[in-house]
Amino acid sequence: MRLEIDGVTKTYGATRALDGLSLALPAARILVLIGPSGGGKSTLLRVLGGLETADQGTVQVNDHRLVADPAALQAYRRKNGFLFQQFNLFPHFSARKNITLPLEKVHGHDPAKARSMADHALGRFGLLEHAHKLPAQLSGGQQQRVGIARAVAFSPEVLFLDEPTSALDPEMTAEVLELIQELAEAGQDIILSTHEMGFARAVADHVAFVAAGKIEECGPPARLFGAPASSLCQRFLSRVMRY
Ligand SMILES: Nc1ncnc2c1ncn2[C@@H]1O[C@H](COP(=O)(O)OP(=O)(O)O)[C@@H](O)[C@H]1O
Ligand SMILES: [Mg+2]
């Protein structure tokens, strides 16, 4: 994917969530956002995914120039897949129905086609035996995997994942990270935020350090983790990598 973000600001009341953020990546496969809480990672993901629009600045993702036109943004959003930290699934629908519903209602597939797409996605991630279960009958890790299956069931242009493992225990974190790694290896373009530094290092081709509404630094993981240039990034990494 190609990203061109120039001078983007986004404010919520008195808070500047994004503060003149810029980033140009001509070719990226897996972009991982790291940085302190409140730094702007989720806001950046929402702006890049077309869920929100920037107050100022320009955003281009591949061939899409994101502008505050509701119809164009909706069309853009439908090309992308999303998964957030938690509460991704409708609690009163089965795993399968959670996947078929948007395929029918948002993407306009007939029920039979939606079902075969859903079962293909569930099967791909070893979840078919859980297709009939409600989210509450699944582990947190299984729920997130169903959420990812839903997000990739229609082959999204870009998959956006916002701290997909932060509500999970270590074992479930591993099963979700393995699935993301698998998607990455299959060629899916992904932008994700995470606090899992080992994973970021292993899976990313670009890591961006987001703090105080800016991208302080962006580079290949070996460089960013091995020799961070900005003092903010150095301090952040020395704190989070200490234990
Ligand atoms: N919908 C919102 N309403 C008000 N403030 C928000 C909203 N979303 C984010 N913020 C604020 O914007 C800043 C950046 O938040 P966020 O993008 O969630 O950072 P991160 O994901 O890195 O923790 C924070 O100060 C946060 O409180
Ligand atoms: Mg966040």
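**Group meeting talk: a sheet, its helices and two domains**

Hi everyone, let's start with a hairpin: strand β9, residues 206–211, and strand β10, residues 214–219, pair in the antiparallel sense over five bridges. Before I go on, please keep in mind that this is a predicted model. If you want a landmark in that pairing, look for Val-210, which stands opposite Ile-215 in β10. Two residues lie between the strands of this hairpin, and Ala-212, in the turn, has a positive phi of about 50°.

Now let's widen the view. Which sheet do β9 and β10 belong to? They are part of an open sheet of six strands, and the order is β6-β7-β8-β3-β9-β10. The pairing in this sheet is mixed. At the edges you'll find β6, residues 81–83, and our hairpin strand β10, each of them pairing on one side only. From one strand to the next, the twist averages 15°.

So much for the antiparallel side of β9; what about its partner β3? Strand β3 covers residues 30–34, and its pairing with β9 is parallel, over four bridges. Here the landmark is Leu-33, which stands opposite Ala-208 in β9. Packed on the sheet is helix α6, which touches β3, β7 (159–162) and β8 (190–193). The direction of α6 makes about 155° with that of β8.

Let's stay with α6 for a moment, since another helix packs against it. Helix α5, residues 140–152, packs with α6 at an angle of about 20°, and their axes are 8 Å apart. That angle makes α5 roughly parallel to α6. The crossing of α5 past α6 is right-handed. Who meets whom here? On the α5 side there are Gly-140, Gly-141, Gln-144, Arg-145, Ile-148 and Val-152, and they meet Met-172, Glu-175, Val-176, Leu-179 and Leu-183 in α6. Sorted by class, this contact has six nonpolar, three polar and two charged residues.

Next, the domains. The domain assignment gives domain 1 as 1–80 plus 157–243, and domain 2 as 87–155. Taken over C-alpha atoms, their centres are separated by 25 Å. How many residues of domain 1 are in contact with domain 2? Eleven, and they touch eleven residues of domain 2. Our friend α6, residues 170–185, comes back here: with five residues, this helix gives the most to the side of domain 1 that touches domain 2. By class, that side of domain 1 has eight nonpolar, one polar and two charged residues.

My last stop is a second helix pair, α3 and α4. Helix α3 runs over residues 95–105 and helix α4 over residues 111–124; they pack at an angle of about 130°, with 9 Å between their axes. Parallel, perpendicular or oblique: what does that make α3 relative to α4? The answer is oblique, because of that angle. As for handedness, α3 passes α4 in a right-handed crossing. On the α3 side, Ala-95, Arg-96, Ile-99, Thr-100, Leu-103 and Glu-104 take part. Their partners in α4 are Pro-111, Ala-114, Arg-115, Met-117, Ala-118, Ala-121 and Leu-122. In this contact there are nine nonpolar, one polar and three charged residues.

That's my tour, thanks for listening!

Key
Residues numbered from 1 in each chain as written. Chains lettered and ligands numbered in written order. Predicted model: local features only at pLDDT ≥ 70, side-chain atom pairs only at ≥ 80, totals over all residues. Axes fitted to C-alpha atoms, helices over the stretch in contact; angles between N-to-C directions. Parallel < 35°, antiparallel > 145°, perpendicular 65-115°, else oblique. Left-handed = near helix turned anticlockwise from the far one by under 90°. Contact = placed C-beta atoms within 7 Å. Nonpolar A, V, L, I, M, F, W, Y, C, P; charged D, E, K, R; others polar. Domains from an automatic or database assignment. Pairing = 2+ DSSP bridges.
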